[in-house]
Amino acid sequence: MERFGSHEKSKLHCAAVTSLGAIQAGANVAAACSGAKLKQMKEARSALIQILSSLQYLSCQGLSVQGHTDEESNLNQLLALLAKNIPELKSWLNRTKYRWMSQDIVNEMIEIMAHDILRTLMTEIHEADFFSIIMDETADISVREQVSVCFRIVNKDLETEEIFFGFYNTSDATSQALYTLLKDVLLRFDFPLEKCRGQC
């Protein structure tokens with residue numbers, strides 16, 4: 001009995017009880033065991049939010065994210081400016097490893113934001129019940145055929161809205177090719193053709 005009492009007061013037992021409580025509460029065990037780890041996670045989250053909001057700002061303004069070199073990129077210049085007032089971001093940018101600022105990671109972040117926007121637009125169109133389709137074919141600067149796809153809906157306030165859904169490459173502008181492209185877009189975004197009430 002005496003051994004149980006001394007074990008119960010040991011540091012190992014206290015750490016195990018804390019870990020078990022954290023697991024049962026659904027918390028991160030490393031965060032529960034270490035205040036330093038919790039602080040590190042909080043700083044990393046703050047830096048990531050700044051990086052994402054900077055990417056969102058540049059994208060919304062139609063500005064390029066990358067430059068000729070990493071140092072010249074608009075993203076790095078904007079983050080360097082923000083880091084002057086945000087110490088968590090400054091320490092994140094001064095790291096030598098695991099900054100998550102490579103071009104692949106940045107492109108993935110932008111792609112995730114774009115998919116989130118598309119999901120929001122899909123929800124708007126599904127809530128409208130009926131829609132019309134607007135498609136327009138044009139050639140871009142490299143003389144590739146592209147088709148813009150827009151949906152026209154009546155929203156909850158009974159106002160018409162035109163929602164741009166993107167550019168899609170096509171091999172030619174024949175009616176069969178455009179129909180195939182339209183079917184693909186409708187299937188991809190789960191829009192039933194029966195709810196289409198017009199086309200242009």
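Leucine 158 sits in the loop between E2 and E3. Leucine 158 has a positive phi of about 60°, although it is not a glycine. Most residues other than glycine have a negative phi. The model shown here is predicted. It has eight helices and four strands.

**The loop between E2 and E3**

- Where on the accessibility scale does leucine 158 fall, buried or exposed? Leucine 158 is exposed, because its relative accessible area is 72% and the cut-off for exposed is over 50%.
- Lysine 156 belongs to the loop between E2 and E3 as well.
- Lysine 156 has a relative accessible area of 71%, so it counts as exposed.
- Follow the chain from lysine 156 to arginine 95 and you cover 61 residues. In space, the C-alpha atoms of lysine 156 and arginine 95 are separated by 48 Å.

**Valine 154 in strand E2**

- Valine 154 lies in strand E2.
- Valine 154 is partly exposed, because its relative accessibility is 41% and this class runs between the 20% and 50% cut-offs.
- Which residues does valine 154 contact, leaving aside neighbours within four places in sequence? They are Ala128, Glu159 and Thr160.
- Valine 154 and isoleucine 125 are 29 residues apart along the chain. Their C-alpha atoms are separated by 8.8 Å.

**Two other loops**

- Aspartate 190 is in the loop between H8 and strand E4, which covers 196–199.
- Aspartate 190 is not a glycine, yet it has a positive phi of about 60°.
- Aspartate 190 is exposed, because its relative accessible area is 55% and exposed means over 50%.
- Serine 171 is in the loop between E3 and H8.
- With a relative accessible area of 68%, serine 171 is exposed.
- Serine 171 and aspartate 104 are 67 residues apart along the chain. The gap between their C-alpha atoms is 28 Å.

**The nonpolar cores**

- How many residues are in the largest nonpolar core? There are 20.
- Ile125, Phe131, Phe151, Phe165 and Phe191 touch the most other members of this core.
- Several elements give two or more residues to this core. The helices are H7 (103–127) and H8 (175–188). The strands are E1 (131–139), E2 (145–154) and E3 (160–169).
- Now look at phenylalanine 191 in detail, without counting residues up to four places away in sequence. Phenylalanine 191 touches Met122, Ile125, His126, Phe131, Phe151, Phe165 and Leu186.
- A second, separate core has 16 residues. Among them are Ala47, Leu58, Met101 and Val106.

**The overall fold and shape**

- What pattern do the helices and strands follow along the sequence? The pattern is α-α-α-α-α-α-α-β-β-β-α-β.
- The radius of gyration of the protein is 26 Å. For 200 residues the globule rule gives 16 Å. The value for the protein is well over that, so the protein is more spread out than a compact globule.
- The C-alpha trace spans about 85 × 45 × 35 Å along its principal axes.
- Take the contacts between residues at least 6 apart in sequence. Of these, 47% join residues at least 24 apart.

**Surface and charge**

- Of the 200 residues in the protein, 26% are buried.
- The protein exposes about 14,300 Å². Carbon and sulfur atoms supply 56% of this area.
- How many positive and negative charges does the protein have? There are 20 positive and 26 negative charges. The mean positions of the two sets are 14 Å apart.

Methods: Residues numbered from 1 in each chain as written. Predicted model: local features only at pLDDT ≥ 70, side-chain atom pairs only at ≥ 80, totals over all residues. Heavy atoms only, no water. Core = buried A, V, L, I, M, F, W, Y, C linked by side-chain atoms within 4.5 Å. Buried < 20%, exposed > 50% of the residue type's maximum accessible area, 1.4 Å probe, protein only. Contact = heavy atoms within 4.5 Å. Rg over C-alpha atoms; globule rule 2.2 N^0.38 Å. Areas by Shrake-Rupley, 256 points an atom, 1.4 Å probe, with all protein chains shown as cover. Lys, Arg positive; Asp, Glu negative; His and termini not counted. Charge placed at Lys NZ, Arg CZ, Asp CG, Glu CD.
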